[in-house]
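Subject: Structure for you to look at

Hi,

Here is the structure I said I'd pass on. Have a look when you get a minute, and my notes are underneath.

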Amino acid sequence: SIKGLVRFTHIFEKIKNNENLRNKAKIFEDDPELELIEYFGRQKTINKETISFISSVIFLDTYPITYPELELDIQNPHFSKYYTEPKLKGNELREEKPVPVNFLTVKKATTFMLRSLFKGKETESLKSIDNSTMKKHIKRIIKYAFSEHGIGAKKSLGYGLFNVKIVEWFILKYNYHEFLI
C-alpha cells in the first residue's frame, strides 16, 4: 500500500537519523521518538477501552493520468526442478534449461497521479509538532519513498521507482496534494 511504503520510509528515516533509536535492541510502534501516531494514526487499547488516533495524512487512489502503454518483459526462473523435485542433485540441476515466463509491465515514462490529503494533528495531547513541519516532512518522505525505496518488486531493474513532482492545492480543512510520479 502507498501508506505502508510512506510509513516504512518514515520509520527508516527516523532510525537512520536518530542514534538513540539505532542503539535500541527493539523499537516499538508507540515509541514517541518515531512519531508514528502523530503522522499515521493507530488504535490503542488502554484499560479495555480502544482509543483511535486518525492519521494526519490520507492517501487516495493512485492511477495513470493517461491510458498506459504496456510492454512485455521476461523472468528467467532458474532451477525450477530444485523446488519441484528435491531429490535431484548437482549435474542434473545444472543441465536444466530455464523456461522464460512472460509478464506485462507499464511503459517506463508513464505518469501516475497520487493524491493525498493532509489533515494535521488531531489532538494536542500528542507530541508537539507543528502542522507546517509535519506537512513538509510528509511531502519529503513521499518523494523519497518513491524515488529511493520504490514500490513493488524488481526495483534493481528500475521497476517501481519514480520521479516525483508535487502539485499543491488547498481545499476545505485539508491541504490537498497531487504527486505526479
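Below is what turned up, going from ring pairs to salt bridges to the largest pocket.

Just so you have it in mind while reading, this is a predicted model.

Aromatic pairs

Searching the whole structure gives 5 aromatic pairs. One of them is Phe-8 with Phe-12: the ring centres sit 6.0 Å apart and the planes make an angle of 35°, so this pair counts as tilted. These two residues are 4 apart in helix H1, which runs over residues 2–16, so about one helical turn separates them. As for the surface, Phe-8 comes out as partly exposed, with a relative accessibility of 44%. Phe-12 is also partly exposed, at 33%.

Then there is Phe-112 with Phe-162. Here the centres are 5.8 Å apart and the planes are at 85°, which makes the pair edge-to-face. Phe-112 belongs to strand E6 (residues 112–118), while Phe-162 is in the loop between helix H6 (131–149) and strand E7 (165–171), so the contact ties together parts of the chain that are 50 residues apart in sequence. Both Phe-112 and Phe-162 are buried. There's a bit more to this spot, too: ring pairs join Phe-112, Phe-146 and Phe-162 into a cluster.

Salt bridges

I have 3 salt bridges in the structure. Let me start with Glu-13, since two of the bridges below involve it.

The first partner to mention is Lys-16, whose closest N–O approach to Glu-13 is 3.2 Å. Lys-16 and Glu-13 are both in helix H1, 3 residues apart, so again there is about one helical turn between them. Is each end buried or partly exposed? Lys-16 is partly exposed, with 40% relative accessibility, whereas Glu-13 is buried at 7%.

The other partner is Arg-140, which meets the side chain of Glu-13 with an N to O distance of 3.7 Å. This bridge connects distant parts of the chain, with Glu-13 in helix H1 and Arg-140 in helix H6, 127 residues apart. Arg-140 itself is partly exposed, with a relative accessible area of 41%. Put together, Glu-13, Lys-16 and Arg-140 are linked in a network of salt bridges.

Away from that network, Glu-69 and Lys-107 also form a salt bridge, at 3.6 Å from N to O. Both residues sit in loops: Glu-69 in the one between strand E3 (57–64) and strand E4 (70–75), and Lys-107 in the one between strand E5 (101–106) and E6, so the bridge ties together parts 38 residues apart in sequence. Lys-107 is partly exposed, with 35% relative accessibility.

The largest pocket

The largest pocket encloses about 590 Å³ of space. It is lined by 24 residues, and those closest to its centre are Lys-108, Gly-158, Gly-160, Leu-161 and Phe-162. That last name will be familiar from the ring cluster with Phe-112 and Phe-146. What is the make-up of the lining, in nonpolar, polar and charged residues? It splits into 11 nonpolar, 9 polar and 4 charged.

If you only open a couple of views, I'd go for Phe-162, which is part of the aromatic cluster and is also among the residues closest to the pocket centre, and for Glu-13, the buried residue in the salt-bridge network with Lys-16 and Arg-140.

Cheers

Technical notes:
Residues numbered from 1 in each chain as written. Predicted model: local features only at pLDDT ≥ 70, side-chain atom pairs only at ≥ 80, totals over all residues. Heavy atoms only, no water. Phe/Tyr/Trp six-rings, centres within 6.5 Å; stacked < 30°, edge-to-face > 60°. Buried < 20%, exposed > 50% of the residue type's maximum accessible area, 1.4 Å probe, protein only. Salt bridge = Lys/Arg side-chain N within 4 Å of Asp/Glu carboxyl O. 1 Å grid on protein atoms, 1.4 Å probe; cavity = no way out; pocket = protein on both sides within 12 Å on 5 of 7 lines; lining within 4 Å. Points joined across faces, edges and corners; volume = space filled by probe spheres on them. Nonpolar A, V, L, I, M, F, W, Y, C, P; charged D, E, K, R; others polar.
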